[in-house]
Amino acid sequence: MRGQKGRILRSTSRQHGTRRQILPSAAAVTIGVLALGGVALVPPAVSGSVAPADAAARPDAVQRALNGLVRDDRMPAALASVKDRSGRARTYTAGVGDLVTGSKVPRDGQVRIGSNTKTFVAVVVLQLVGEGKIDLDAFVDTYLPGLVRGEGIDGNRITVRQLLQHTSGLPEYSNHLGDDVRYYAPRELLATALRHPAEFVPGKSWKYSNTNYVLAGLIIQKVTGRPLADEIDRRVVRRAGLRHTYFPAPGDARIREPHPHGYYQESKERPLRDITEMDPSWGWAAGQMISTSTDLNRFFGELLSGRLLPPAQLAQMRSTVPAEATFGPGARYGLGLVSRPLPCGGLSWGHGGSFPGYETRGGATDDGRAANVAVTMQLTGEAARGRLERAVDTALCR
């Protein structure tokens, strides 16, 4: 979207997540002086404690990284939650939560988490695999007969595994949604994709496509007979003890709990616009969910620890293919899960997400560390995304 309400802003190759920026008719606000926040020490799995009096005066490496995102990349706000090996957690903020009122950034505030949603969806699919209700190597037509057809596209040639790993060759629906800011039904999103030719023969290459996860969500609904949101809540959110994570109901444009406002900037010369509230249905199973940094850390920690999936299915999820074109040097994509090499050695496992007004990056390690950083503008530049990812690395390697 460049200048007109609802027009799609085409992504660059590294901008993963739901790749659409929507500009509703909101009053433009110009960035003034952005405040730099402090760090709050919190016990494991608890957030919202008051920061020590001297924390802002002596910022640690994570706080300095967030301050830099606000100062150098002109992010309205940045938030982070970091958990160390012992389970001690810290939350961080920088910037301003609302550019109109100048209110503080809420500690561990809710944000739109974009394509982190895909990991939740993949977990549900893999639970159903473990229950014998879905076969990873079955064709899509096994569950949705006759639905997936198009130029070079055949549901009898695309497997469930290929959906979860982005090796199906399905085209990207979000590049073709048009100008309407409205509710989109999942099958409408799929139909939009199927009007365009396949990217490649299934299994012969890798390319990130949100369409894969729309289909995965439809398969979950067909197999369980229940709405996707209910299955995610029952099987993942409640099982992992996530208290601030949810899949918005149809037509719910708001963010329920304390949150920083999300912004869009058409160009460096134009003012920021508040796009916090919008119908997120065009993201659906590819990117509709809302959460906090602390909840995301808990989710990925519970996942890696084996509390959400049987060992066989977790091993399948961690079986990866190269994904550097989208996720950066050394990155690999499993089944809804991304591995990235850490500068201090080892791997982090997570996903990340991009949604109008918000960008999140994070990961967890097998030894219990976890970190998630969110900013309140969707990133479009390679350099800014690199600095956000380095902020996560700093948190995981400290």
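How much space lies in the largest cavity of this protein? Hello everyone, let me answer that straight away: about 90 Å³. Please keep in mind that we are looking at a predicted model.

Let's stay with the cavities for a moment. Rolling a probe the size of a water molecule over the atoms shows where empty space is left. In this model the count comes to four cavities of 30 Å³ or more. The largest cavity has 13 lining residues, and the closest to its centre are Arg340, His351, Gly352, Arg361 and Gly362. If you look for the elements around that space, S13, S14, strand S16 (358–364) and H11 each give the lining at least two residues. S14 supplies the largest share, with three residues. What classes do the lining residues divide into? Four are nonpolar, six are polar and three are charged.

Now let's turn to the second largest cavity, which holds about 50 Å³ of space. Its lining consists of Val82, Lys83, Asp84, Arg88, Arg90 and Arg398. Sorted by class, that gives one nonpolar residue, no polar ones and five charged ones. Two of those names come back in a salt bridge: Asp84 pairs with Arg88, and their closest N and O atoms are 3.7 Å apart. Are these two partners buried or exposed? Neither word quite fits: Asp84 has 25% relative accessibility and counts as partly exposed, and Arg88, at 42%, is partly exposed as well.

That brings us to salt bridges in general. Side chains of opposite charge can pair when their charged atoms come close. How many salt bridges are there in this model? The count comes to 26. One that I would like to show you joins the side chains of Arg235 and Glu131, at 2.8 Å from N to O. Arg235 sits in helix H6 (residues 228–237), while Glu131 sits in the loop between helix H2 (116–130) and strand S6 (149–150), so this pair ties together parts that are 104 residues apart in sequence. The two partners have their own surroundings: Arg235 is buried, at 4% relative accessibility, whereas Glu131 is partly exposed, at 39%.

Here is another salt bridge to find on your screens. Arg254 and Asp252 form it, and the closest N and O atoms lie 3.5 Å apart. Arg254 is partly exposed, with 42% relative accessibility, but Asp252 is buried, with 12%. Going back to Arg235 and Glu131, there is a wider picture: salt bridges with shared partners join Glu131, Lys133, Arg226, Glu231, Arg234 and Arg235 into one network.

Next, the disulfide. The count comes to one, and this disulfide joins Cys344 to Cys397, with 2.1 Å from S to S. Which parts of the chain does the pair link? Cys344 belongs to the loop between strand S13 (338–341) and strand S14 (347–350), and Cys397 belongs to helix H11 (residues 382–397), so the link joins distant parts of the chain, 53 residues apart. The link is left-handed, with -70 degrees about the S-S bond. Both cysteines are partly exposed: Cys344 at 44% relative accessibility and Cys397 at 27%.

You have now met S13 and S14 in the cavity lining and on either side of the loop with Cys344. How do these two strands pair? They are antiparallel, with four bridges between them. Within that pairing, Val338 stands opposite Gly350, and Ser339 stands opposite Trp349. The hairpin of S13 and S14 has five residues between the strands, and there Gly345 takes a positive phi near 100 degrees.

S13 has another partner too. Strand S12 (residues 332–333) runs antiparallel to S13, and two bridges join them. Here Arg332 stands opposite Ser339, the residue that also faces Trp349 in S14. In this hairpin there are four residues between the strands, and Gly336 takes a positive phi near 75 degrees. One idea to carry along as you trace the strands: in a regular strand the side chains alternate between the two faces of the sheet.

So, to finish where we began: find the cavity of about 90 Å³, then follow S14, the source of three of its lining residues, across to S13 through their four bridges. Thanks for listening!

Note on methods. Residues numbered from 1 in each chain as written. Predicted model: local features only at pLDDT ≥ 70, side-chain atom pairs only at ≥ 80, totals over all residues. Heavy atoms only, no water. Salt bridge = Lys/Arg side-chain N within 4 Å of Asp/Glu carboxyl O. Buried < 20%, exposed > 50% of the residue type's maximum accessible area, 1.4 Å probe, protein only. Disulfide = S-S within 2.5 Å. 1 Å grid on protein atoms, 1.4 Å probe; cavity = no way out; pocket = protein on both sides within 12 Å on 5 of 7 lines; lining within 4 Å. Points joined across faces, edges and corners; volume = space filled by probe spheres on them. Nonpolar A, V, L, I, M, F, W, Y, C, P; charged D, E, K, R; others polar. Pairing = 2+ DSSP bridges.
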